[in-house]
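Q: I've got this one open on my screen and I'd like to talk it through. Can you walk me around it?

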Amino acid sequence: MGRDEIAAALAASLPALRRQAGWTQQQLAERAQVSIRTIRAIERGAAGRLHATTVDRLATALGLREPALQPGRGGLRIELLGPLRVRQDGAAVDVPARLPRTLLGLLALRARQPVLREEIVDLLWGANPPRSCLNLVHGYVGRLRLLLEPGRAPHAPAATILAATGGYLLDVPTGAIDLDDFDAALADADRDAGDPSGEAALLAAALGRWRGPVLADAEPRLRAHPAAVAAGQRRLTAALRYADAALALGHHHDVVTMLHPLTYEEPLHESLHARLLLALAGAGQQATALDRYAQLCARLRDELGVDPGPELTSANLKVLRQQVTPDVPALPVRPAQLPRAVAGFAGRRADLARLDRMLSNEQAPPACVVSGPPGVGKSALAAHWAHRVRDRFPDGQLFVDLQGFGPGRDPLLPTEVLRQFLEALDVPGRRMPTSANGKIGLYRSLLADRRMLIVLDNARDADQVRPLLPGGPGNAVVVTSRSQLPGLVADGACPVTLDSLPSADARQLLDQRLGPARTAAEPTAVTDIIDSCAGLPLALAIVTARAASYARFPLAALAEELSRQRGLDPFDTGETGIGIRTIFSWSYDSLRPPAARMFRLFSLHRGPDLTVPMAASILGATVDRVRPWLVELARAHLITETAPGRYRMHDLLRAYSEECAADTDPSDEPAGPLPRLLDHALHTAWAAARIINPHRDPIELTPVRDGVTVQRLTDHDTALSWFGTERANLLALVRHAADSGFHQHAWQLAWTLIDNLDRHGLWAELTEVQTIGLRSARRVGDTLGQAHAHYGAARAAVQLGRHDDAEWRYRAALAFFESMADRAGEARVRIDLAWVLYRIGVPGQAVLELDRAFELYRAAHRRDGQARAINNLGWVHEQLGNHRRAIVHCGMALRLHQELDNAHGQASALDTLGLAHHRLGDQRRAVAYHEQALELFRLDGDRYGEAGTGARLGDAYHAVGDDERAEQAWRAALPLLDELGLPDAARVRAELAGIAHTDAA
C-alpha cells in the first residue's frame, strides 16, 4: 500500500469509524499510535517513500487490515511523559497511595516485560524493606488490578497485571502507553532521516507528547530507575535531532521554543545548550545567546571543574562571528514615513541632479551624504528630492531624525532607530531581536532584493549611520549632516555639499514667498536682504515670513533694519552677513509676550514633538489660550506643525530658545514649567493605563499642580491611541525627569508604561524605563517604587526569555511588597512568579505560589484577585493534565469574574475551560467555551488572547470532524499568531496543510 492509498484509506475510513463507533478523532489517532498531525507529516515528508512497516502499523491500527478495531473495549491510556496519569475513555482514573502509584509507574515503564519481586521491593523501600514487603507488594498488585482489569470496575480499561516467573508483568495493548507512541514516532523519524522537513515534523510531533520530565511527580528512586533514565535519554536524543533538522531549515524560533524548557531540566548538557545558542542567534537574540554561554561556562567550572567542550565553544564562536543566518519574516507593509514636502522650495537644481545620478550607480549600494552648515537647507533638500523620486521605490520609504546635533537631546542610538524601522516593517514584538547585531541582520535581510528609500536626517557621525545602511543593491539612502562624514564617503557614498543659496536661487525663493511683483519693484532691497541673510534658507524663510506679515512695509525698510544689526554669532555660517542669532532675535522680538514665553519654554521638552495640551501645561494656561500662540510661532517659522496639533523646532532654534529661557525665566520655580509638564504626562498616562487595565492596582499620585492640563481619555481605543502617539515623548520624559531630579515622577511614569510597552512587545524599552525608575526610587528611598520597578522589569525579562533574571526580579519585588505588608502587591507578584516557575520546570512550586496568592487576596478582601489566582491555578492544573481539577477552579473563577463584570477575566477562564474539556474529549463544550472566550477577547481588543483562543477553537472543531469550521477558525487566527510571533503559528499552518492534503486526496 503506497502513500496515495494510505491517504485515500484515511480519508475514507475515519468518518465511517467515527460514526459507527462514536469515537473522537483524538481516540482514533491514539489507537493509531501516532497523531493525525504526525500521519500527515509522514505523508508529506516521505514523498511516497513510506516504509512497509509504517504502512502495516497504520493500516492495522486504523482497521484497514486485521485485527479490526474493537470500539466496545473502551480506551486505556497510561501516560508517563510527564506526571503519571491514567485515563479511561478520556476520564482521569485516580491511583491512590504513594507506593501503588510508584509500582504502577515501574510496571508501565517495563510494560509487557516481567519485573522481578526483588526489583520491586528495592524500588519501593530501598535497603530497609519491612518483613511483610512481599505481602504488601501482592496487596498493591491487587489494588491496581481492581483499577485495570476488565470487569472489575466500571468502564474498565483493557489491561491486566499478570504473575510472571519471580514477579509481575503489566499486559496492555500496544499504544495504550504514551511512551509506546513516542518510540513509534521515533522509529518513523528514523526511516525519514535525510529529509529535514519530514524528520523535523515527525520529531516535533513526538516531542510534543512530553509534558515534562518522565514521571515528573514520582518518587526519586523511580525517576532514577534505568528504564526512566533511558526514556529521558531518548527524549534528549530526539530533541537534538529535531534541533539539527529545524536549524537546517532556518526554523530558529521553533527550536528556541522546543529546547528552552529542556535546558532547565538539563542545565549542564552541552550539546543541548550548543544548539540553543545557535537558535537564539538565528532568532535575533545574540546577546541572550552570549549571556547563556557565559553562565554555562561559569556553572561548568563551579560544579564540575571543567571548561566547555569543543561543540559548545564552536557554537559560541559562530554566534560571535555572526555566522548564523537570522529568521526573516515577510514584508507585508509599505511604510511611507517621509515628512511633508517643503512648501516654496526653490533652486538647488545642480544638487538635485547629483542626487538623481546616485540612483544610476550600479557599482555600489546607492548612498549620498548631504552636508553643510546649520540652516543651509539640508533636510529641506532631502525631503524635496525624496518626494520627487518616491514612486521609484515601490516598497516604501523610511525616515528618521537621528538628533545628531541639537541642544537638550542625545543622538539616537542605532539600535533605537533599527527598532523603529523594524516596527515600521511590521516585525512583531515577539520576533524583535534583542541584540544590536540581531536587529542589524534582520533589517538588512528584510531589505534584501527590495527597493526602498531611506532618509537619515541630522546624523552625527559615520558610526551612527553605518548600522542603518542596507546590505545590498536596490535601496537608496540619503544622509544629512553638519559633518561631511568622510568615513561614509570613503566607503563609496557620494557627497553633496551645500553652501548658501546662489543669488538666483535665493531670489526665486523670495519670488515664491512674497510674489514676483513685490520683489521686482525693489530689486536692490531684495539683493540686500539676500546678502544680509548670507543666502541661508532658514534665515530667508524667517525674513520673508516677517515681510509677508507686513505687506505694506517696503522691503527696503526690512533691508535697512537687517543692515543695522550685523554682529558675530556662535552659529554664524562663516559667510559675510548677519549672524543667525540676530535673525532669530529679530523674529523673536516681534512676538507677543505670551508667544515669546512659549518659544522660550518650548525647548524644555526633550521629546520629538510638543502637543497643544503639553504646551498649555508648560505655560500654565488653557488649551484655547495656547493655540493662537503656537499658530503665531508657526507663522513666524520658529516652529513647524508636523501634524494637526503637533509641533517641532529646528535644532538651531531650540538652542536659541534655551538661551532666551536662561536669560529670562527662573529655573528654580517649584511649580514651574517642567513640573507642570511632568504632571501633565504622569496624570494623563495614569488615566490611560487605568482605562486599558481597569483591574490593575493603581498607585497614588500627588495632586496635580495648578495650571496643568490633563487630557480626558474616554475609552479603551482612545487610551491606546494616545499611548501610541505619545510613547516616544513619554520615554523621553522618564529620562528627563530622572536627570532633572524629579525622581517620583520618573518611577511613576515608568509604572504607567508597563502594560503598554509589554502588550506592544517593546521589552527593551520596558527594561530601560524600569531600570531608570528603579534608580530614581532608590535615590528617594521609595520602597513602593522599587517594588513596581522590579516587577515591570521582570515582565520584560519573561518575554525576552530571561527566566532566571525574571525570577530574581519577581522575588526582589516580592520582598519589597512583603516589607510594606502590601498583600495585594505580594499576591500579584506571586501569580506572575508562578508562571515563571512553571516555565522553568517546577510546577509544584507554581501551585504553592498560586495558593498563597489566593489566600493573600482573600485576606485583603479582593475578589478580583481571588478570581485571577483561581483561574491561573486552573490553568496550571490543566497543563499538568489535571483537567477535571482545572474545570472546577476555572468554573469558580468564571463565576467571580461574571459577578465583577470583568470581561477579560471571563475570557481567560472560558478559554481554559474550553481547553480542559477538549482534552477530556467533550468537544461540544470545548467549542462553546472557546467561542465565548473568542468573542470577549475581540471585544476587549486583546489580540494575544484572540490568537490563542482562535487556534484552540479550530482544534476543538477538528476533533469532532468539522474540518470546514476548523479551517475557518485556524485561518482567522493564523495572521494574529504570525504577527505576535507565537509558536502555535507553525502548528496551525501544518494543520491547514493537512486539511488541504486530505481534501486533495
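Q: Let's start broad. What share of the contacts with a separation of 6 or more is between residues 24 or more positions apart?
A: In the protein chain, that share is 68%. Keep in mind that this is a predicted model.

Q: OK, and how many helices and strands does the chain have?
A: The secondary structure comes to 47 helices and 14 strands.

Q: How much of it counts as buried?
A: Of the 1001 residues in the protein chain, 56% count as buried.

Q: Let's zoom in, then. Which residues of helix H29 are buried?
A: H29 covers residues 612–619, and eight of its eight residues are buried. They are Val-612, Pro-613, Met-614, Ala-615, Ala-616, Ser-617, Ile-618 and Leu-619.

Q: What do those buried residues pack against?
A: Quite a list: helices H28, H30 (623–635), H32 (673–692) and H33 (716–739), plus strands E12 (610–611) and E14 (646–648).

Q: And what follows H29?
A: Gly-620 does, with a positive phi near 70°.

Q: You mentioned H28. Which aromatic pair has a ring there?
A: Let me give the total before the pair: the count comes to nine aromatic pairs. One of them is Phe-599 with Tyr-656, a tilted pair at 6.0 Å centre to centre and 45° between the planes. Phe-599 lies in H28 (residues 593–602) and Tyr-656 in H31 (residues 651–664), so the pair ties together parts that are 57 residues apart in sequence.

Q: Are those two rings' residues buried or exposed?
A: Phe-599 and Tyr-656 are both buried.

Q: Which residues make up the cluster that ring pairs link together?
A: Tyr-588, Phe-599 and Tyr-656.

Q: Got another pair for me?
A: Sure, Tyr-791 and Tyr-810. Their rings are tilted too, with 5.9 Å between centres and 55° between planes. Tyr-791 sits in helix H37 (residues 783–799) and Tyr-810 in helix H38 (residues 803–819), so this pair ties together parts 19 residues apart in sequence. Tyr-791 is buried, and Tyr-810 is as well.

Q: Switching to helix packing. How do H14 and H15 cross?
A: H14 is residues 286–304 and H15 is residues 310–320; their axes come within 10 Å and cross at roughly 150°. Over 145 degrees counts as roughly antiparallel, so that is what H14 is to H15. The crossing is left-handed.

Q: Which residues make that contact?
A: H14 brings Gln-286, Ala-289, Leu-290, Tyr-293, Leu-296 and Leu-300, while H15 brings Leu-312, Thr-313, Asn-316, Val-319 and Leu-320. By class, the contact has eight nonpolar, three polar and no charged residues.

Q: Now H44 and H45. What's the angle there, and within what distance do the axes come?
A: The axes of H44 (residues 923–940) and H45 (residues 943–959) come within 9 Å and cross at roughly 160°. That makes H44 roughly antiparallel to H45. H44 passes H45 in a left-handed crossing.

Q: Who's touching whom in that one?
A: On H44 the contact residues include His-930, Glu-931, Phe-937 and Arg-938, and on H45 they include Glu-946, Arg-952, Leu-953 and Tyr-957.

Q: And how does the contact of H44 with H45 split by class?
A: Nine nonpolar, five polar and four charged residues. For H14 with H15, remember, there were no charged residues.

Note on methods
Residues numbered from 1 in each chain as written. Predicted model: local features only at pLDDT ≥ 70, side-chain atom pairs only at ≥ 80, totals over all residues. Heavy atoms only, no water. Axes fitted to C-alpha atoms, helices over the stretch in contact; angles between N-to-C directions. Helix = DSSP H or I, 4+ residues; strand = E, 2+ residues; numbered from the N terminus. Parallel < 35°, antiparallel > 145°, perpendicular 65-115°, else oblique. Left-handed = near helix turned anticlockwise from the far one by under 90°. Contact = heavy atoms within 4.5 Å. Nonpolar A, V, L, I, M, F, W, Y, C, P; charged D, E, K, R; others polar. Phe/Tyr/Trp six-rings, centres within 6.5 Å; stacked < 30°, edge-to-face > 60°. Buried < 20%, exposed > 50% of the residue type's maximum accessible area, 1.4 Å probe, protein only.
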